Structures are given as structure tokens and as C-alpha cells.
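Visitor: I have not looked at this one before. Can you walk me through it?
Guide: Here it is.
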Amino acid sequence: MAYFFEEPSHTFAEYLLVPGYTSAECIPASVSLKTPVVRYKKGEECPLTMNIPLVSAVMQSVSDDRMAIALAKEGGISFIYGSQTIENQAAMVARVKSYKAGFVTSDSNIKPDQPLTDAVALKEKTGHSTIAVTEDGTANGKLCGIITSRDYRINHTPADAKVKDYMTPFANLVTGQDGITLSEANELIWNHKLNSLPIIDKNGNLKYMVFRKDYASHQEHPLELLDDKHRYIVGAGINTRDYMERVPALLAAGVDVMTLDSSEGFTEWQRRALHDIHEKWPNAKVGAGNVVDAEGFNFLAEAGADFVKIGIGGGSICITREQKGIGRGQATATIEVAKARDEYFKKTGIYVPICSDGGIVHDYHMTLALAMGADFCMLGRYFARFDESPTNKLMVNGSYVKEYWGEGSNRARNWQRYDMGGASKLSFEEGVDSYVPYAGSLHDNVTMSMSKVRHTMCNCGVLTIPELQEKAKITLVSQASLTEGSAHDVIVKTTSIQS
Ligand code: IMP
């Protein structure tokens, strides 16, 4: 006879946190959201941690290199989507790793002999008032000078004026040498009262520009996630088919962590992939999933997964439950897997972090997922709404929206994610193509969400995620208390689209 679970499975929306005692030390500014990403042994330090417990989903409409840089600046990790060629995915990873925080490749460049009017036109086009003057007019040509909008008054210059007559020539420029740190560059900027500092190599070729305003932005991101060479940390999704080619390309590009991306991970394919990858590249970090119960977790932990993802059918664009009738309420799945993770730790001394993937609708769902035992959360819809997601922003019925589609939709055609062996094709859709309300910049939204998580943790009387997992008091709520929980029995004056 089939096995029947005793209890129905529940979603995050059915739970609330009950406050604990809040001491005077328990203030949001003192809360640490640091969390482990990959397995580690008892008594040892986790080799990869994040400063906020958020990762962005392995999806075409969510995680590319731009998203990865924006999220790493806030302290989290993007998993760059794997449903693209190995070359393109590795190139995205390489772009994140070569992005130097505060060092930018000059996007406005001109030759010294060009007419000054070209510089004016370029400024209008790019909106940038600092233009690098290089011998060949490229971003990495030999630096001849810098021209800014303060160097000329357009109505007071002859028609045949040339850039070289108005620029600050190389001889009068303060420059930094390639290899200089951002703090050293900042020292030069402050000591010489500069707005920008060109960085050149030993042959005098322009490498980067450092702008005073960008340094300020760097200072605004105290939680940014960097590797030991001060490069942003980045993840990538892989599948169980082409990993022997994809993994080395991603590692060569500098990827820090990977995850097997599949709608269902309790499989022989994932066990084999984890085994083969770890045998060939023992230092590679690879998460696996998705699972929704203790059995699935134990299987992947034993198979060597560096972390385990939880969630089937809970994603906002997901129709797996309708199509195949498989899945489990995300809260119940997280609670059961967290228990299994703790037992596994007790038994083996190995801590395998778990990630709650999909179904986060409100910010408090993040806090609940963490309180229920998740070490971090993976989100798709949440990040798809931001400027930094790779999709189009458009106006629909008078409101700005962004496109968001599932990996199992016809649009993404990521058949590897739903692969059960057999032909290389998507047999039927497990995801939809949709719009999500546009929400502005990632920085503003993540700052607000993390602030809510910190405040809630203080309500619970805790300052760290492990403490939250240990001390949180969680209650299931009735349908009537859910109604009680939002504005009720009043006529609300304004309405807005809430995330
Ligand atoms: P969301 O944060 O609720 O939008 O869920 C995002 C998660 O949904 C992803 O991290 C995936 O685990 C999952 N997902 C992505 N594409 C699909 C799909 O087409 N069908 C089902 N689940 C999907």
C-alpha cells in the first residue's frame, strides 16, 4: 500500500512567528545575516559563506552577469542560468570575475584629432562628462589625455576646435598604475582633488577609470561578497547531461559554486553527476536538488552535495503540481529537510546547508524559511522585478512590468531541467511565461527586505540565523486569522501593487 503522510503539507503563508523576549542589545543594526553556503565539518570554518541569505534563481529571466554583480554587491550570490551554451555561460561568469568593483572600463573615448563637437555629441549620447582621449579612440588605447565638460564652453570655441587643444594632456594628468587597490586609488583621488583617475599599464595604455562617485558607492556596500582576490563571488547552474564539459569551462572562468539545476533531484543522475564532478575536480563546490523530504536530503548529502535545495511545485511560474501532481507545501518540506540536516550533522559531524527554493511571496516568508531551518533562500520572481534582471521592462495597462518566464516554459525550453532520460526535448510545459510588477533597483529592494528580516529577528529576540533557527516560535494560523492579519473592516484609501 502507498505511504500516506500523517499531516497535510503547508505553505509559508499559513504560519506566523510568535515574538520572543527582546533585550536592549537586540537591535536591527546588530543582527548578522551571515550564513553558510557549502558543507563543512564540525569545528571547521565553512569555506563559503554569504552576508545575506539570498541567492537568485538559475533562470534565463533572472540570473545573468549583471544580476550577479548587483547581488554580490549586497552580499548574496547569483546562480547564472545554465540553459545556454557552455561558452556563453562561462563568458558571463568570466565577466563577473573580471569586474573590478570601482574600476570601470571607460565607455566614452575619443581620438585627440577629432573635432571638439564629437566630444560634445559623445557626452550627450552617454551622459558621461568625462571622456578618455586615447591614440586610437578605444577604451584600452594609449592614453593621451582626459577631456571633461569643464574644459570647454561650447559657444566660445571655434568651429574647427580639436579635442587635443582643450583636453588635459597626459603630462598633466594624475594616473594610477594597473594593480593598484581601490583604497590606493581613492587616496590619489582625494589627495589631488580629482573626479576621476585613469589607471594605465606600464606601456601607458588605459585599463580602467576610477570615479570618485563609484568609490562612494563601494562604501555603500559594506556587505559585498568578494573572494580572496577581491573579485565578486558568483555561482552557476549545471545539468546532469553535459557536466563533464560545462564544469571545467565554468571553473576556468572562475566560478565559485555551482548547483545541479533540476525540478527533481532524488535521482541516480544527480548521484552520478556529484560523484563524477567531485572525483575529477575535488575542490569544486556543487549543490544539488530539488528534494522535499528527509529521504531525498539524505540521499544527496550522502552523494556529496555541497548544499541541498528544497522545493517542488512552489515556484510562482511553476505548473508542475498541475501537470504531474508532484510536490509538497514549501514550509512542510523545509521543516522536514531541516530536521534531516540536523540529524545528519549529529550523526556525521558534517553540516550540509539547505536552501529553500521558490514560493517566497512576502519578505516575511524569507524570515519564516530561515526560522524553519533554511540556511538561505533562492528566489526567482523577487529578483525578476528589478532593473538588473535580464528581461524587458514594458508598460502593460498603465503599469510598468518586467517579463518573467519559467525554465520549463516553451519560451525557455530548458529540457535538461525536466529530463527523466530519453529524448533531448521538453515533452510538456511545467512553467508559464508571465509579467511581474516592476520594482526598481535591486539595492533598494534588498536593503528593505533585509531590514524587515532584521527587525523580525529582533522581535524574536535573536541576532543571528542559527539563533533564529534554535529559538524561533512558529505557529500555524487558521484561515480566519489570515483575514485578521491584513487590513480588514476598513475602507483602505489607496491601493498599490504589493510585492
Ligand atoms: P519563485 O521565486 O517563486 O519565482 O520560484 C523560483 C523557482 O522556481 C526557481 O528557483 C526554480 O526552482 C523554480 N522554477 C523555475 N522555472 C520553473 C518552471 O518552469 N517550472 C517549475 N518551477 C520552475
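Guide: We can start with the whole chain and then go to single parts.

Visitor: Okay. What kind of model is this?
Guide: This is a predicted model.

Visitor: How many helices and strands does the protein have?
Guide: The protein has 16 helices and 25 strands. Its radius of gyration is 26 Å, close to the 23 Å that the globule rule gives for 499 residues, so the protein is as compact as a globular protein of that length.

Visitor: And what box do the C-alpha atoms fill?
Guide: Roughly 90 × 60 × 50 Å, taken along the principal axes.

Visitor: What percentage of the residues count as buried?
Guide: Of the 499 residues, 43% count as buried. As for contacts between residues at least 6 apart in sequence, 64% of them join residues at least 24 apart.

Visitor: Let's talk about cores. Which residues have the most contacts inside the largest nonpolar core?
Guide: They are Ile-77, Val-93, Val-234, Val-308 and Cys-377, in a core of 105 residues. Helix H11 (residues 330-348) gives the largest share of this core, seven residues. Another core, of 21 residues, lies apart from it, and Phe-103, Ile-110, Ile-131 and Ala-132 are among its members.

Visitor: Why would nonpolar residues gather like that?
Guide: In soluble globular proteins, nonpolar side chains tend to be buried together.

Visitor: Back to Val-93. What does Val-93 touch?
Guide: Leaving out residues up to four places away in sequence, Val-93 touches Ile-80, Val-234, Ala-236, Leu-250, Ala-253, Gly-254 and Val-255.

Visitor: Switching to sheets. What order do the strands take in the open sheet of four?
Guide: The order is E8-E9-E10-E11, and the pairing is mixed. Strand E8 (109-110) and strand E11 (168-169) stand at the edges with a single partner strand each, so one side of each is left without a neighbour in the sheet.

Visitor: And in the middle, how many bridges join E9 and E10?
Guide: Five bridges, in the antiparallel sense, between strand E9 (residues 130-134) and strand E10 (residues 143-148). Ile-131 has Ile-147 in E10 as its bridge partner. Ile-131 also belongs to the core of 21 residues.

Visitor: Pick a residue from E11. Is Thr-168 buried or exposed?
Guide: Thr-168, which is in strand E11, is partly exposed, with 15 other C-beta atoms within 10 Å. Not counting residues up to four places away in sequence, Thr-168 touches Gly-145, Ile-146, Asp-151 and Leu-173.

Visitor: Where is Gly-327 relative to Thr-168?
Guide: The two are 159 residues apart along the chain, and their C-alpha atoms are separated by 65 Å.

Visitor: Is there another open sheet with antiparallel pairing, and what is its order?
Guide: Three strands form one in the order E22-E23-E24, with antiparallel pairing. Strand E22 (393-396) and strand E24 (433-437) are at the edges, each with a single partner strand, so one side of each has no neighbour in the sheet. From one strand to the next, the twist averages 50 degrees. E22 pairs with strand E23 (residues 399-405) over four bridges, and Met-395 has Tyr-400 in E23 as its bridge partner.

Visitor: Last one, helices. How many residues of helix H12 are buried?
Guide: Seven of the nine residues of H12 (residues 363-371) are buried, so this helix is largely enclosed by the rest of the structure.

Visitor: Which ones?
Guide: His-365, Met-366, Thr-367, Leu-368, Ala-369, Leu-370 and Ala-371. Just after H12, Gly-373 takes a positive phi of about 125 degrees.

How values were computed: Residues are numbered from 1 along each chain as its sequence is written. This is a predicted model: local features need pLDDT of at least 70, side-chain atom pairs count only at pLDDT 80 or more; totals for chains, interfaces and linings use all residues. Helices (H or I, at least four residues) and strands (E, at least two) are DSSP runs, numbered from the N terminus. The radius of gyration is taken over C-alpha atoms; the globule rule is 2.2 Å times the number of residues to the power 0.38. A residue is buried if 20 or more other C-beta atoms lie within 10 Å of its own, exposed if 12 or fewer, and partly exposed in between; C-beta atoms are placed from the backbone. Two residues are in contact if their C-beta atoms, placed from the backbone, lie within 7 Å. Two strands pair if DSSP finds at least two bridges between them. A nonpolar core is a set of buried Ala, Val, Leu, Ile, Met, Phe, Trp, Tyr and Cys residues joined through C-beta atoms within 7 Å. Axes are lines fitted to C-alpha atoms, for helices over the stretch in contact, and angles run from 0 to 180 degrees between N-to-C directions.
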